[in-house]
Amino acid sequence: MTEGSRGSRNGGRPRASGAAGTPKSSGQQGGPRRRDEQGRERNRGGQRQFSDAAPSQRTRRADPARLVAFEVLRAVAADDAYANLVLPTSIRKHRLDRRDAGFATELTYGALRGQGTYDAVLSRCVDRPLDRLDPAVLDALRIGVHQLLGMRVPAHAALDQTVGLVRAVIGAGPSSLVNAVLRKVSARDLQGWIDELIDGLTDPVAIASLTHSHPEWIVRAFRQALVAHGRDVAELDELLAADNAAPLVHLVALPGLGTLEQVLDDGAEPGRVAPDSAYYAGGDIGRLPGIGTGTLRVQDSGSQLVARALAAVAVDSAGGPERWLDLCAGPGGKTALLSALGQDTGVHVVANEPIPHRAQLVRQALRPLPEDSWTVRVGDGREVGRDEPGSYDRVLVDAPCTGLGALRRRPESRWRRRPVDLVELAPLQRELLTSALDAVAPGGVVAYVTCSPHHAETDVVVDDCLRKRPEFERLDAGAALDAVSIGGPLNAGHGTSAQLWPHVHGTDAMYLALLRKTA
């Protein structure tokens with residue numbers, strides 16, 4: 001069933017103004033004057049505005065799927081929650097079936113992705129600044145706007161169900177405001193509103209920001225990143241559009257432990273860039289065989305590729321089983337894949353994570369692997385190089401970053417992140433990479449990885465850290481990715497580093513630099 005048909009099922013029936021049985025106001029020619037029990041005339045202020053539905057027909061309950069979306073948006077706004085963590089819990093709480101869960105998911109993520117554009121539309125339809133609205137009402141309006149402008153929900157159903165949601169969970173008073181505002185929104189389609197919003201603008205960044213619902217500073221950063229990584233700035237619109245496309249769930253079967261057979265039988269598609277991977281759009285992944293045991297994992301193909309590139313690149317080890325280090329391991333996805341890739345050669349993986357509860361997530365991720373093949377270290381990654389200099393053959397630094405490369409999966413991040421975050425993260429990124437350079441053994445390799453294409457978090461960090469480290473040489477990261485990918489060359493390399501892109505590779509925008517310590 002399409003979103004539109006589902007909306008029709010839950011929507012109110014439209015009713016034309018002035019239909020039979022509907023009293024006319026006193027301002028209408030030929031209509032009887034309306035008086036109350038005391039004989040006073042009612043509605044003397046001119047013609048009234050009626051809802052399409054009569055009061056007895058208006059929805060007075062919250063549709064469960066829309067209620068789920070509203071609850072998630074409230075948690076994101078009020079509690080700084082992540083939608084991908086809150087949404088499954090809310091879906092289970094309200095016992096949505098597969099169809100309604102799909103509707104709630106699209107409504108949630110669509111409203112979050114489109115928030116910038118939708119708020120610009122709402123600012124034209126609300127008679128006060130949006131920050132003066134009750135935050136809950138604003139979230140409900142965003143849900144209504146996405147149904148009207150971004151989904152195939154009939155307008156009458158979008159209005160009726162959103163007003164019913166507000167009436168049920170916020171109150172009758174705000175429902176009138178929501179009804180009036182959404183009627184104004186419904187006067188144009190999305191392109192019509194965008195044309196009005198950008199009318200008169202000449203700045204391409206401002207135009208792209210409103211068209212693709214990204215903050216201007218991120219649009220500007222993406223323009224610069226495309227150029228810095230050797231791509232055409234004309235790709236910007238395509239990149240921003242890819243950020244707004246609902247991503248498929250990427251799966252990986254841990255080598256030697258998991259299988260994709262049943263998942264593929266259930267409708268998943270084989271992955272196009274990473275081995276042992278699949279794309280899934282079939283619903284609740286928790287029901288898939290292997291997810292519960294951890295042998296089948298949710299992991300973006302870009303993350304899979306950078307881990308495989310580090311595991312496959314040649315090193316000059318001292319002999320015997322290698323020791324590998326994941327310096328920033330939580331929550332453990334890359335650690336588990338690295339450990340599985342090293343099983344045949346007796347690799348021992350040390351996973352470092354400074355936060356205890358995230359360290360526990362790493363342990364859970366490593367459950368399918370033999371316990372003697374891994375160790376979880378709870379501590380500051382910046383101290384490992386000092387405490388264990390020259391001890392590891394391969395070191396992964398999946399550095400904390402702004403996460404601008406994963407906005408399609410975490411759309412709320414685009415509204416939370418600020419340029420100042422780059423300044424605050426910069427020292428940590430450099431200190432962690434420096435620690436990794438100290439911890440790697442002669443002949444070993446360090447992989448510096450970020451889920452961000454921002455130049456300040458990628459090549460600039462590597463350049464700064466290598467400026468006084470002549471014992472390190474850069475390896476061709478693009479060639480290393482090509483060596484472990486399937487389906488042909490990725491063409492992700494620029495110079496010695498590599499950058500994956502959502503609009504080109506169908507992955508998060510993962511950056512990779514490979515640095516070998518000369519023997």
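Which residues does A329 touch, not counting residues up to four places away in sequence? The answer is T335, A351, N352, E353 and V362. The model in which these contacts are found is a predicted one, and the paragraphs below begin with the chain as a whole before returning to A329 and its surroundings.

The protein chain has 519 residues, of which 52% count as buried. Its secondary structure comes to 22 helices and 13 strands. If one takes the contacts with a separation of 6 or more, 74% of them are between residues 24 or more positions apart. The chain exposes about 22800 Å², and carbon and sulfur atoms supply 49% of that area.

A329 can now be placed in this setting. The residue lies in the loop between β5 (323–326) and α15. A residue counts as buried when its relative accessible area is under 20%; A329 is therefore buried, with a value of 5%. One of the residues that A329 touches is E353. Along the chain A329 and E353 are 24 residues apart, yet their C-alpha atoms are separated by 5.5 Å.

Another residue in contact with A329 is V362, and V362 leads to helix α16, which comprises residues 356–365. Within this helix A359, V362 and A365 are buried. Why do these three belong together? They cover an arc of only 110° around the axis, and this puts them on the same side of α16. A general rule helps here: an α-helix has 3.6 residues a turn, so residues three or four places apart point the same way. On the other side of α16, P356 and H357 are exposed. The cover over the buried residues of the helix includes β4 (296–298), α15 (333–341), β6 (348–352) and β7 (374–377).

Helix α15, one of the elements in that cover, contains K334. Is K334 buried or exposed? Its relative accessibility is 12%, and K334 therefore counts as buried. Leaving aside its neighbours within four places in sequence, K334 is in contact with Q299, S303, V306, D326, L396, D398 and M510.

Strand β4, also part of the cover over α16, belongs to a sheet. Strands of a sheet pair through backbone hydrogen bonds, either parallel or antiparallel. In this sheet four strands follow the order β2-β3-β1-β4; the sheet is open, and the pairing is antiparallel. The edge strands are β2 (269–270) and β4, each of which pairs on one side only.

Strand β1 (residues 249–253) stands between β3 and β4 in that order. Four of its five residues are buried, so β1 is largely enclosed by the rest of the structure. With β3 (residues 277–280), β1 pairs over four bridges in the antiparallel sense, and here V249 stands opposite Y280. With β4, β1 is joined by three bridges, again antiparallel. Along this pairing L251 stands opposite V298, while A253 has L296 as its bridge partner.

A further strand to follow is β13, made up of residues 511–517. Six of its seven residues are buried, so β13 too is largely enclosed by the rest of the structure. Which strands does β13 pair with? Six bridges join it to β9 (residues 440–450), and the two strands run antiparallel. Strand β10 (residues 472–475) is joined to β13 by four bridges, likewise antiparallel. Strand β12 (residues 497–499) runs antiparallel to β13 as well, with two bridges between them.

Individual residues show how these pairings are arranged. R516 in β13 stands opposite V445, and R516 is also the bridge partner of E473. L512 in β13 stands opposite A498.

Finally, the interior may be examined for empty space. The count comes to one cavity of 30 Å³ or more. About 40 Å³ of space lies in the largest cavity. The residues that line this cavity are F222, L239, D243, L404, G405, P453, W501, P502 and A509.

Notes: Residues numbered from 1 in each chain as written. Predicted model: local features only at pLDDT ≥ 70, side-chain atom pairs only at ≥ 80, totals over all residues. Heavy atoms only, no water. Buried < 20%, exposed > 50% of the residue type's maximum accessible area, 1.4 Å probe, protein only. Arc of directions from axis to C-beta. Contact = heavy atoms within 4.5 Å. Pairing = 2+ DSSP bridges. Areas by Shrake-Rupley, 256 points an atom, 1.4 Å probe, with all protein chains shown as cover. 1 Å grid on protein atoms, 1.4 Å probe; cavity = no way out; pocket = protein on both sides within 12 Å on 5 of 7 lines; lining within 4 Å. Points joined across faces, edges and corners; volume = space filled by probe spheres on them.
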